[in-house]
Structure formats: C-alpha cells, structure tokens
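Dear colleague,

I am passing on the structure we talked about, and below it you will find my notes on what turned up when I went through it. Please have the model open as you read.

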Amino acid sequence: MARQNEKRSRLGLIGAGTFGLRHSRFIARSDRADLVAAADPAFGTDRPVPDELRDLTRYTDHRQMLTHGDLDGVIVASPSEMHVSHALDCLDAGVAVLVEKPVAVDREQARPLLDRLAADPDARVLVGHHRRHHPAVAAARELIEAGRLGEIRTVAAVWATHKTDPYFDVEWRRRRPGGGMLLINLIHEVDLLRHLAGEIVSVEAIASNKARGLEVEDTAGLVLRFENGAIGTLVGSDSTVSPWGWDQATEDDPTFPYHPGQPCLLIAGSRGALSVPDMAVFTQSEPSWLEPVEATRYPVEGADVFARKLAHFADVAAGRARRLVTAEDALRSLEIVRTASLSLRG
C-alpha cells in the first residue's frame, strides 16, 4: 500500500512488445506508480498503437524520452540483447531502471553494466525476477535462515504446463537458441533455488524436443550441486498437463488458472522440510525414518507480486531500499541456465 503523502513514481517504458504491455497492465493497477511515457521504434511505423499505450507520451527514441520525460524510473522491456545499453542510457540520464530478465545475453555483454555498478554501488538498477517478491518466498528464506530446516541436503523443483500452438507463431521461440523453456521459464526456478538454497556450483542437463519437433527444447531436467553440498533436481516441460508449477500454484498472473495447495518446490534439510509456495513445514521429534513426520502450515497471505515488485522499485528509485535482485545476482542465474543449455549442444 502507498504511504500517506508519498509521491507516486512517474515511470517510462522502453519496449512496447509482449513484456512491455504486461508491465503496462501491472503499473495500471499499482497504487505507487504511473506509466506516463513509452519508447519503441515501432511507434514510427504504421503498426497500430496498443490500447494500453494510447494515452501515453510516445517516443520512437528512448533517449528522447529520458531527456524530456521527467521520469523517476524506467522499465526496460526491450529485446534481451538491448538490455545493457538501455540500462546504461537510463543511468546516464540519472534515472532508476528496472530491467526485465535476463539482464543480458551473457557475462561478456553484461560487462559494461557490471563495471558501471562496481564503480557506483549506489546506482539504482533492479532486475525483474518477480518471484522473489512473493510473500511465500520471503517466508521460506526466513525459515531457512532461522535454521528451522537445519542444513539443506536436497531440493526438488518442477515447472510443468502446456503452451498452446499460437505461442510458437513467434519465429525465435521455435528456432533461436534460448527460445526454449530453459531460458524463458526455468531460469525463474533456478533463481529461486539460488535465493533459497544457496549458490549453485555445477549443473548437468538433459533435454528433449520430441513433443513438437521444434529446434528448441520442450522438456528438460537439471541436476544441481550447491556450494553447501546440497543436491537438487529441476524438471520442466511446456508440453504437459499438470498443476505443478509456480504459475499454477500462485495467483501471480491472473492469466493462468489457479490451483491452490499445490507445491512446486520441495526443500529437505537435516531437521525438517518445506514445500513452497503452499508453505507446509514438516518436522520430527528427532530425525529418524522410524519417527512420524508432523506437518504444519506456515501462514502466508497472498499478494499481487507484481505490485510488490513495483513498490520495491519505487523504494529503490527513491533510495529507500536495497535492491532485492542485483545485476550480478541475476547474471549468476542466467549463467547456470546458459551452462545447462551449452551442455545440451555438446
């Protein structure tokens, strides 16, 4: 909720494609920010302006928007290969920036932004891994850090759903490396696993494209080794029927049907276990396979996670909060997924 007498943030948007329009809809229901301007080269063509952006000041060049928009922050939702240059332009203009994931294509491309942030640690850059803003994730991290589960030994995550044929009408989703569900979807699970269980030091992957026969994968499995010695598995598919996945288990995005009470992440430690996001905590009077396991539900209220992310961005832009997801942090998740993808190509 907005604080009394708090100034609403004036936001601009770079990129009027699918993700840019999603952000415009999220901002429209925010009580902390207003979308006042958007920039996209397509505004200079005959392509119809989306309804969500008709009432905004529109620019074909984002640098003009940064100069004349009187903005508190900008959301970068342009193609991934442009994220770094657009973020740097925002910082040069003295404007806070929320970068859609992935923060860059790889570390080499991200280097100018990382160097800039190393030279100016207070630079206001937040990366949009939205799941970290969910109350269940914050609660899970608190339980783990408080030692309720003991030492984390295993984690298991699943993301399984069925994308419909029109999704693949976009050429790069059928053929381009990175167009499969590893980079588009499972990067979120990797980011959550890192956030909750610690750094990942190695990854092995296997994948299949049998369901559709496209050049990109439709099913994949990862085996992960964590710095603390834990072992994890992550399986995903965009060609299955299931209620198991973050999008189905939460109400983060009303586009997807909600199946409450379904876990998609299991974390087991030396003293207890936890399922997320349903937040069931499992314990024993003493660790033994002969002792009964007791289950309790850790109370967590639902929330509009995208509104929470925007509120956090407003606080970051105003210098009131530290960034929940830094560029370096987001890049580590990207590198795990890229390592998995490269291993599939031999």
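In which loop is the place of Asp70? Before answering, I should say that this is a predicted model, and what follows should be read with that in mind. Asp70 sits in the loop that runs between helix H2 (62-68) and strand E4 (73-76), and this residue has a positive phi of about 50° although it is not a glycine. That is worth a remark because most residues other than glycine have a negative phi. With a relative accessibility of 58%, Asp70 counts as exposed.

A second residue of this kind is Met279, where phi is again positive, near 60°, in a residue other than glycine. Met279 belongs to the loop between E12 and E13, and its relative accessible area of 0% makes it buried, the cut-off for that term being under 20%.

The loop between strand E12 (272-276) and strand E13 (280-283) also holds Pro277, which is joined to Val276 by a cis peptide bond with an omega of about 10°. Another cis peptide bond links Lys101 to Pro102, with omega at about -5°, and here Pro102 lies in the loop that leads from strand E5 (96-99) to helix H4 (107-119). For both bonds the background is that most peptide bonds are trans.

Turning to the sheet, eight strands make up an open arrangement with mixed pairing, in the order E8-E9-E10-E7-E11-E12-E13-E14. Its edges are strand E8 (200-208) and strand E14 (294-297), each of which pairs on one side only, while the twist from one strand to the next averages 15°. Within the sheet, strand E7 (residues 152-160) and strand E11 (residues 265-269) pair in the antiparallel sense over five bridges, and Ile152 stands opposite Gly269 in E11. Helix H10 (residues 327-344) lies across E8 and strand E9 (219-226), and runs at about 45° to E8.

Finally, there is Leu21, which is found in helix H1 (residues 18-28) and, at 16% relative accessibility, counts as buried. Apart from its neighbours within four places in sequence, Leu21 is in contact with Ala16, Pro50, Glu52 and Leu53. Asn209, by comparison, is 188 residues away from Leu21 along the chain, and the C-alpha atoms of these two residues are separated by 30 Å.

With best wishes

Key: Residues numbered from 1 in each chain as written. Predicted model: local features only at pLDDT ≥ 70, side-chain atom pairs only at ≥ 80, totals over all residues. Heavy atoms only, no water. Helix = DSSP H or I, 4+ residues; strand = E, 2+ residues; numbered from the N terminus. Buried < 20%, exposed > 50% of the residue type's maximum accessible area, 1.4 Å probe, protein only. Contact = heavy atoms within 4.5 Å. Pairing = 2+ DSSP bridges. Axes fitted to C-alpha atoms, helices over the stretch in contact; angles between N-to-C directions.
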